[in-house]
Amino acid sequence: MSRPPADGTLRLTAWVHGHVQGVGFRWWTRARALELGLVGHATNQPDGRVLVVAEGPRDAVDALLRLLRGDTTPGRVDLVVDDLGPADGGLDGFVER
């Protein structure tokens, strides 16, 4: 895994498994990410998962990951497979796709 940038900005890539489509999960994720000051997107996948990509400070990224794994999400989260690495940039706001 690459080293995080000196400013501490990270990229979280998280594949969320479970009943997470059609239940407001992407909207909820967007709201939490914006509250934490993150940029990125939550995108439905054809296989029923949601891909969450978020960039920002480590503490905010860690907080979003904890929320994704928590018991307050809409629907049902069975598993979150995550990867942390250096931020790539190029993201603006946080959108649902």
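Here are a few worked exercises on the strands, salt bridges and core of a predicted model.

Residues are numbered from 1 along each chain as its sequence is written, and side-chain values use heavy atoms, with hydrogens and water left out. Since the model is predicted, local features need pLDDT of at least 70 and side-chain atom pairs count only at pLDDT 80 or more, while totals for chains, interfaces and linings use all residues.

**Exercise 1. Find the strands that pair with E2, and give their directions.**

Step 1. Start with the terms: helices (H or I, at least four residues) and strands (E, at least two) are DSSP runs, numbered from the N terminus. Two strands pair if DSSP finds at least two bridges between them.

Step 2. Look at E3. Strand E2 (residues 39-44) and strand E3 (residues 50-57) run antiparallel and are joined by 6 bridges. To check this on the model, pick Ala 42 and you will find Val 52 as its bridge partner in E3.

Step 3. Follow the turn. E2 and E3 make a hairpin with 5 residues between them, and Gly 48 in the turn has a positive phi of about 100 degrees.

Step 4. Now turn to E5. Strand E5 (residues 94-96) runs parallel to E2, with 3 bridges joining them. Here Gly 40 stands opposite Phe 94.

**Exercise 2. Work out which parts of the chain are linked by the salt bridge of Arg 11 and Glu 55.**

Step 1. Recall the general idea: side chains of opposite charge can pair when their charged atoms come close. A salt bridge is a side-chain nitrogen of Lys or Arg within 4 Å of a carboxyl oxygen of Asp or Glu. The structure holds 7 of them.

Step 2. Check the distance: Arg 11 and Glu 55 meet at 2.6 Å, N to O.

Step 3. Place the two residues. Arg 11 lies in strand E1 (residues 9-19) and Glu 55 in strand E3, 44 residues apart, and the pair links distant parts of the chain.

Step 4. Add the surroundings. Both Arg 11 and Glu 55 are buried, where buried means under 20% relative accessible area, exposed over 50%, and partly exposed in between (1.4 Å probe, protein chains only). Asp 88 joins Arg 11 and Glu 55 in a network of salt bridges.

**Exercise 3. Describe the salt bridges of Arg 32 with Glu 35 and of Arg 69 with Asp 82.**

Step 1. In the first pair, the closest N and O atoms are 2.9 Å apart. Arg 32 and Glu 35 are separated by about one helical turn, because they are 3 residues apart in helix H1 (residues 25-35).

Step 2. Compare accessibility: Arg 32 is buried at 17%, whereas Glu 35 is exposed at 60%. Arg 32 also touches Leu 64 and Leu 67, not counting residues up to four places away in sequence; contact means heavy atoms within 4.5 Å.

Step 3. In the second pair, Arg 69 and Asp 82 meet at 2.4 Å, N to O. This pair links helix H2 (residues 58-69) to strand E4 (residues 76-86), with the two positions 13 residues apart in numbering. Arg 69 is partly exposed at 45%, and Asp 82 is partly exposed at 30%.

**Exercise 4. Identify the elements that build the largest nonpolar core.**

Step 1. A nonpolar core is a set of buried Ala, Val, Leu, Ile, Met, Phe, Trp, Tyr and Cys residues joined through side-chain atoms within 4.5 Å. The largest has 21 residues, and Leu 12, Leu 38, Val 52, Leu 64 and Leu 68 have the most contacts inside it.

Step 2. E1, H1, E3, H2 and E4 each give two or more residues, with the largest share, 5 residues, coming from H2.
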